[in-house]
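Open the model in your viewer and keep the selection tool at hand. The tour goes stop by stop, with something to select at each one.

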Amino acid sequence: MSDVFAHSLVQRTLQRVTAVDAQQIALIGFTPATLAVDHALREAGLENRILGTYDEPAAGGCRPLTDLRDQPHDLLIIGHDANKAAILSAYRSAVGERPSPPAVVLAGTAHLDYHDPDFEMLNAPALVPSYATGSPHTHEHLFQCLQAAAAHDLRGAIVEFGAFKGGTTAWLARVATHLGLTDSPVIGFDSWAGFPPRRSVLDLYEHPRCVFTDLDAVRAYTEPFGVQLVAGDITNTYLQLAGRPLLLCFFDTDNYSPARAALELCAEQLVVGGSIVFDHVATTPDYVDTLGERIAAYELLPPLGFLHLHRTGVFTKIA
Ligand SMILES: C[S@@+](CC[C@H](N)C(=O)[O-])C[C@H]1O[C@@H](n2cnc3c(N)ncnc32)[C@H](O)[C@@H]1O
């Protein structure tokens, strides 16, 4: 919980208390932010209007939410940021709807962050990190695609184009195993010899820190996770996927030519409900030179009717 959140909650509380002339104020959540609000109300000489602090489970000497059932109250201060929806729903369950609902003060946007206990467990630091950093939510998107695929019992290969040190490839394999996608092989493609010579004016990206040539080390790291590796220029090697149903294709080649070469086959062989995810369709200013990967995606997938929600880089086959 940040100081920014507590500060914002205090400011919004003081505005609302004066706007609605609240007389019976319930602080919801035993948190640093509600302590700050409590302090600010007392400083303002409004201590007589504070009913107390309520939480579920009741902790730190505060009262259970059910105590508010028979207690008139006209203002709720929600002292949780990430869990604001859960605590407000808990209040509603405990107290019920009232003919004249109390005003509610909220603050912060931590509730908008992605939370999934499985994702958080699988995202624990690994020996080889994932370098899928071209887009801020690539990992969440890959995870959500596989989660939905597992929920619908979809099957097919999970492929990464531009596997580099294998950090993301191994992570995908761990996610697939965890979600029960055990008969979906995970395959990583890379040259492991640096970026091949440019074939197009749209091949714009090259960086020494993206070159890793120790294929044996990548094998040693990824094979225990059941990953298969295909070495060589993706512009040719993608053909090894011919005839295979595909569940998820992750493109992180940074350039146009390998993505454009492999995309047609991927789009064709992707199962309905499967997705093609790009690290550099919704990329950050650091990676503006990866424009070619984005051009390849837009050239091929929207005309085929793939669903793409703006700024996600996730293209889903819906029919
Ligand atoms: C940024 S790195 C990928 C990072 C990796 N996906 C991860 O998440 O850790 C880009 C990789 O694409 C590979 N690559 C680019 N063009 C290629 C091509 N035509 N054929 C094979 N590999 C290519 C490079 O060798 C490099 O390892």
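**Stop 1: the ligand**

Select Glu 160 and the ligand together. An N or O atom in the side chain of Glu 160 is 2.7 Å from a nitrogen atom of the ligand. Keep in mind that this is a predicted model.

Add Tyr 131 next. One of its backbone N or O atoms lies 2.9 Å from an oxygen atom of the ligand. Then add Ser 191, where a polar backbone atom is 3.1 Å from a nitrogen atom of the ligand. How much of the ligand's own accessible area does the protein cover? The ligand has 600 Å² on its own, and the protein covers 97% of it.

Now show the surroundings. There are 20 residues around the ligand. The closest are Glu 160, Gly 162, Thr 168, Asp 190 and Asp 252.

**Stop 2: the open sheet**

Switch to a cartoon view. Look for an open sheet of 7 strands, with mixed pairing. Trace the order β8-β7-β6-β9-β10-β12-β11. The edge strands are β8 (228–231) and β11 (307–308), and each pairs on one side only. Strands of a sheet pair through backbone hydrogen bonds, either parallel or antiparallel.

**Stop 3: strand β10**

Select residues 270–278, which form strand β10. Is this strand largely enclosed or open? Of its 9 residues, 7 are buried, so β10 is largely enclosed by the rest of the structure.

Add strand β9, residues 246–251. β9 and β10 run parallel and are joined by 5 bridges. Pick out two pairs. Leu 248 has Ser 275 in β10 as its bridge partner. Phe 250 stands opposite Val 277.

Now add helix α9, residues 256–269. With β9 and β10, this helix makes a right-handed β-α-β unit.

Turn to strand β12, residues 314–316. Here the pairing with β10 is antiparallel, over 3 bridges. Find Ile 276 and its bridge partner in β12, Phe 315.

**Stop 4: cysteines**

Show the cysteine side chains. How many disulfides does a search of the whole structure find? It finds 0. Cys 266 is in no disulfide; the nearest cysteine sulfur, that of Cys 249, is 3.7 Å away. Cys 266 counts as buried, at 0% relative accessibility. Cys 62 is buried as well, with a relative accessible area of 11%.

**Stop 5: Tyr 238**

Move to the loop between α8 (234–237) and β9, where Tyr 238 is found. Tyr 238 counts as buried, at 16% relative accessibility. Then select Leu 263, 25 residues away along the chain. The C-alpha atoms of Tyr 238 and Leu 263 are separated by 9.0 Å.

**Stop 6: unusual backbone**

Most residues other than glycine have a negative phi, and most peptide bonds are trans. Three places are worth a look.

- Select Glu 56 and Pro 57. The peptide bond between them is cis, with omega near 0°. Pro 57 sits in the loop between β2 (50–55) and β3 (63–64).
- Select Asp 153, in the loop between α5 (138–151) and β6 (157–161). Asp 153 is not a glycine, yet has a positive phi of about 60°. Asp 153 is exposed, with a relative accessible area of 57%.
- Select Phe 164, in the loop between β6 and α6 (167–178). Phe 164 also has a positive phi, near 55°. Phe 164 is buried, with a relative accessible area of 13%.

Note on methods: Residues numbered from 1 in each chain as written. Predicted model: local features only at pLDDT ≥ 70, side-chain atom pairs only at ≥ 80, totals over all residues. Heavy atoms only, no water. Buried < 20%, exposed > 50% of the residue type's maximum accessible area, 1.4 Å probe, protein only. Helix = DSSP H or I, 4+ residues; strand = E, 2+ residues; numbered from the N terminus. Pairing = 2+ DSSP bridges. Right-handed = clockwise from strand over helix to strand, strands pointing away. Disulfide = S-S within 2.5 Å. Near = heavy atom within 4 Å. Polar contact = N/O pair within 3.5 Å; in protein donor to acceptor, adjacent residues only side chain to side chain. Areas by Shrake-Rupley, 256 points an atom, 1.4 Å probe, with all protein chains shown as cover.
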